[in-house]
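Visitor: I would like to learn how to read salt bridges, burial and overall shape from a model. Please take one feature at a time.

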Amino acid sequence: MTKHKVIFDTDPGIDDAMALLYLHHHPDIELVGITTVFGNARIETTTRNALFLKQAWNIEAPVAKGAGVTYDRTRTDREPPTIVHGDNGLGNIELPESIDVPLDARPAHQFLIETIKAHPGEIELVAVGRMTNLALALQEAPEIAGLVKQVVIMGGGITANGNVTPVAEANIHGDPEAADIVMTAPWKVVLIGLDVTARTIMTRSQLADIGKAGGSRAQLVVDVSQYYVDFYETVVPDGMMVHDSCAAAYVTNPEFFTMQSGAIRVVCGGIADGQTIQKADGRGFPPNDWDGYPSQLAAIGIQSEAVLKLIHDVIVQGA
């Protein structure tokens, strides 16, 4: 079987760390690059965190530093969500002052362009933060849309409420213009949003079992996640939502997801800023702003227990 060649576009981030270890450990995935973006923390912090995890887990894939501001430079800067991910983005675990791991010399969007062109039809982008790097790559080299196998996004929601506003999910709300560019580009997009990630809750005991069975690499995920679990005490009875790992799981096991197809647009501005809206295929409407854009896939159902078991088994067996 040919391996999935994945570039992980990420803003580590606690749930990002679990998803990264899943991608690193899965035997059917070849992790060819890690690109960083601002979001869960400032770009300097998310990049430091990616380098830290690369070193801690002996990941060969290069890390390229990405965007630190929104695609639309006139947007107001927002403070990172330290209440969710901690001051250092990794649950306030102790981190070294500096990481002796080199960065790729290219900015993330250039790394994306060159890697995609070097592997036409093979690269799968798994993007679990703001879509800024992807939008910048499309702006500079729109032809890459025809060379990418698929773009799997953790973000948004079609039937679910938002988590930073009543209608908007954090990753999309953080850079709506970039997200709309990505959703409407002529490549295959798979949206793994709050419709399914908010239903996929790893309990404290399930998380602890990963640490017990998976060795030091898995224990690092457990340690990082404690802050996240404490935050989620206000949201779920026990445990945490594994948002980003759901997107990683889709790459290897799409059969665990129920999908709906249709063009997707992102609201840019106003009280619904960052809302993702899908015009489902087969529905008739008068001429509108979804016309002429490609039909994309959005997850509206998930086999949560199967996905949680998959995450557990991949992380533990890869230790």
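Visitor: Which side chain meets R106 in a salt bridge?

Guide: A salt bridge here is a side-chain nitrogen of Lys or Arg within 4 Å of a carboxyl oxygen of Asp or Glu. The side chain of R106 meets that of E114, at 2.8 Å from N to O. Two notes on the source: this is a predicted model, in which local features need pLDDT of at least 70, side-chain atom pairs count only at pLDDT 80 or more, and totals for chains, interfaces and linings use all residues. Residues are numbered from 1 along each chain as its sequence is written, and side-chain values use heavy atoms, with hydrogens and water left out.

Visitor: How many salt bridges does this rule give?

Guide: The count is 15. One of them joins E30 and K5, again with a value of 2.8 Å, N to O. E30 sits in strand β2 (residues 29-36) and K5 in strand β1 (residues 4-10), 25 residues apart, and the pair links distant parts of the chain. Strands (E, at least two residues) and helices (H or I, at least four) are DSSP runs, numbered from the N terminus.

Visitor: Is K5 buried or exposed?

Guide: Buried means under 20% relative accessible area, exposed over 50%, and partly exposed in between, with a 1.4 Å probe and protein chains only. K5 counts as buried because its relative accessibility is 14%. Its partner E30, at 32%, is partly exposed.

Visitor: Where in the chain do K279 and D291 lie?

Guide: These two side chains form a salt bridge (2.8 Å, N to O). K279 is in strand β10 (residues 276-280) and D291 in the loop between β10 and β11 (296-302), so the bridge ties together parts twelve residues apart in sequence. Elsewhere, R75, R78, E177 and D273 are joined into one network by salt bridges that share partners.

Visitor: What is the nearest side chain of opposite charge to R130?

Guide: For charge, Lys and Arg count as positive and Asp and Glu as negative; His and the chain ends are not counted. The answer is D11, 5.8 Å away, and R130 is buried with no salt bridge. R130 belongs to the loop between β4 (123-127) and α5 (132-140).

Visitor: How many helices and strands does the chain have?

Guide: The protein chain has eleven helices and eleven strands. Its radius of gyration, taken over C-alpha atoms, is compared with a globule rule of 2.2 Å times the number of residues to the power 0.38. The value is 18 Å, close to the 20 Å given for 319 residues, so the chain is as compact as a globular protein of that length. Buried residues make up 58% of the 319.
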